[in-house]
Amino acid sequence: MSELRWHPLLSQWVITATHRQERTFLPPDDYCPLCPTRPGGFPTEVPAEDYDIVVFENKFPSLQAVPPEPAVLGSELTPVSPARGACEVVLYSSDHRSSLTTMPVRRIANLARVWRDRTRVLGAREDVDYVFVFENKGEAVGVTLHHPHGQIYGFSFVPPIVQKELEASRAHRERHGRCLFCDCLSAELADGRRVVLEGERWVAFIPFFARYPYEVYLAPRAHQGSMVEWSEADVEDLAVVLKGLLVKYDALFDKPFPYLMVCHQAPVDGVSHPEFHLHFEFYPPLRTATKLKYLAGCEAGAGNFINDKLAEESAAELRRVGPRSAAEVRRADASSGG
Ligand SMILES: [Zn+2]
Ligand SMILES: [Zn+2]
Ligand SMILES: [Zn+2]
């Protein structure tokens, strides 16, 4: 069962996907459905003895190319629509114990090329208006499989948070003739207190208005709307700064750092979006080494975040740990055989 139900009060779609309840939940390491199929072993999702990076359709998709007919009837107030779209799983490596953080820069760059390709392929589909690349990492954010992987959703509509960003960006562009995100980025670079790591082409920073204690944005200095605009130099520098940021995250509390990583890019809805500036957002659920930040009444119920930490202090903490510069990320990568 899977369908879209309209939420008339919030004016947005809710995806129902009841079959997801049967998903594999934290299987033992030797019974991982995302590992390569070992000779004589049980068949996994990947019928190969080894692989580099693999993309396949989620076995338990919330959205699909040929969705089932909705199981309920909608009404004028609450329309129902088939859950059309795509749900893909991206396996970063055949090594079960690897992670985006520990991978060589070269492999992270390959992953970025895969994201770019999938954006192009899914973006060309008639039924896809938005390509959403993301990763949930750690049991704290509900990950049910430890094998290093991320996901890509192809939505048949523009999701609500991106919709809000688009509206704000459009209004700013109409009023000032400039990109809202470019203006935020140059303010961050001029101030400097919240910058975490700088590459030639990419910058990681905690935004002035951060909602989570260690929230980080990772964005290209150049005004780019979509992954399909990435040059090879963009991809390579992204891999270095992304790796540097994740190594810093793990160094912060000296343990694997859980996070949600999402990429906001321009919609592929057949209209051009010169107002939109691509960026990654990281929402880590930790506020200290042992305390989780929960979305409680104020956040979940009123939509207003309360951040218990100053963005300036969190950024200073992140600057102090792990690699101090993009050059240091490159050197460490080269010396470990990356
Ligand atoms: Zn595995
Ligand atoms: Zn911009
Ligand atoms: Zn965003």
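Which residue forms a salt bridge with Asp 237? In this predicted model, the partner is Arg 330, and the closest N and O atoms of the two side chains are 3.5 Å apart. Arg 330 belongs to helix 7 (residues 326-335) and Asp 237 to helix 4, so the pair ties together parts that are 93 residues apart in sequence. The two partners differ in their surroundings: Asp 237 is buried, with a relative accessible area of 4%, whereas Arg 330 is partly exposed at 39%.

Helix 4 takes part in another such pair. The side chains of Glu 232 and Arg 116 meet in a salt bridge with an N to O distance of 3.2 Å. Since Glu 232 lies in helix 4 and Arg 116 in helix 1, this pair ties together parts that are 116 residues apart in sequence. Here Arg 116 is the buried partner, with a relative accessible area of 12%, and Glu 232 is partly exposed, with 36%.

Val 235 also lies in helix 4, which runs over residues 232-252. Val 235 is buried, and its relative accessible area is 0%. Leaving aside residues up to four places away in sequence, Val 235 touches Ala 109, Ala 112, Arg 113, Arg 116 and Trp 230. Arg 116 is thus both a contact of Val 235 and the salt-bridge partner of Glu 232. One of the other contacts, Ala 112, is 123 residues from Val 235 in sequence, but the C-alpha atoms of the two are 6.3 Å apart in space.

Helix 1 holds a further charged pair. Arg 118 meets Glu 88 in a salt bridge, at 2.6 Å from N to O. This one links strand 5 (residues 85-91), where Glu 88 sits, to helix 1 (residues 105-123), where Arg 118 sits, and the two residues are 30 apart. Glu 88 is buried, with a relative accessible area of 6%. In total, the model counts 22 salt bridges. Some are joined up: Glu 188, Asp 191, Arg 193, Arg 194 and Glu 312 are linked in a network of salt bridges.

Glu 312 falls within helix 6, which spans residues 311-320. The buried residues of this helix are Ala 311, Ser 314, Ala 315, Ala 316, Glu 317 and Leu 318. They pack against strand 8 (195-198), strand 10 (216-220) and helix 4. Just after helix 6, Gly 322 takes a positive phi of about 65°.

The model also contains zinc. Which residues hold the zinc ion that is ligand 1? Its protein donors are Cys 32 and Cys 35, each through SG, and His 96 and His 147, each through ND1, at 2.0 to 2.3 Å from the ion. The angles among the four donor atoms run from 103 to 116°, and the site is tetrahedral. For comparison, the ideal angle for four tetrahedral donors is 109.5 degrees. Along the chain the donor residues are spaced C-x2-C-x60-H-x50-H. Cys 32 is in the loop between strand 2 (12-17) and strand 3 (54-57), and His 147 is in the loop between strand 6 (130-137) and strand 7 (149-155), so this pair ties together parts that are 115 residues apart in sequence. Both Cys 32 and His 147 are buried.

Another zinc ion, ligand 3, has Glu 165 (OE, listed twice), His 264 (ND1), His 279 (NE2) and Glu 281 (OE) as its protein donors, at 1.9 to 2.6 Å. The spacing of these donors along the chain is E-x98-H-x14-H-x1-E. Both His 279 and Glu 281 are buried.

Glu 165 leads to helix 2, where the buried residues are Val 162, Glu 165, Leu 166, Ser 169 and His 172. They cover an arc of only 135° around the axis, and are therefore on the same side of helix 2. The general reason is that an α-helix has 3.6 residues a turn, so residues three or four places apart point the same way. On the other side of helix 2, Lys 164, Glu 174 and Arg 175 are exposed. The cover over the buried residues includes strand 6, helix 3 (180-191), strand 11 (259-264) and strand 12 (279-283). Helix 2 itself has 17 residues, 160-176, and reaches 24 Å from its first C-alpha to its last, close to the 24 Å expected at 1.5 Å a residue. Just after helix 2, Gly 177 takes a positive phi of about 75°.

Technical notes:
Residues numbered from 1 in each chain as written. Chains lettered and ligands numbered in written order. Predicted model: local features only at pLDDT ≥ 70, side-chain atom pairs only at ≥ 80, totals over all residues. Heavy atoms only, no water. Helix = DSSP H or I, 4+ residues; strand = E, 2+ residues; numbered from the N terminus. Buried < 20%, exposed > 50% of the residue type's maximum accessible area, 1.4 Å probe, protein only. Contact = heavy atoms within 4.5 Å. Donors = N, O, S within 2.8 Å, 3.2 Å for Na, K, Ca; no water. Tetrahedral: all angles 85-135°; square planar, octahedral: opposite > 155°, others 65-115°. Expected span 1.5 Å × (residues − 1). Arc of directions from axis to C-beta. Salt bridge = Lys/Arg side-chain N within 4 Å of Asp/Glu carboxyl O.
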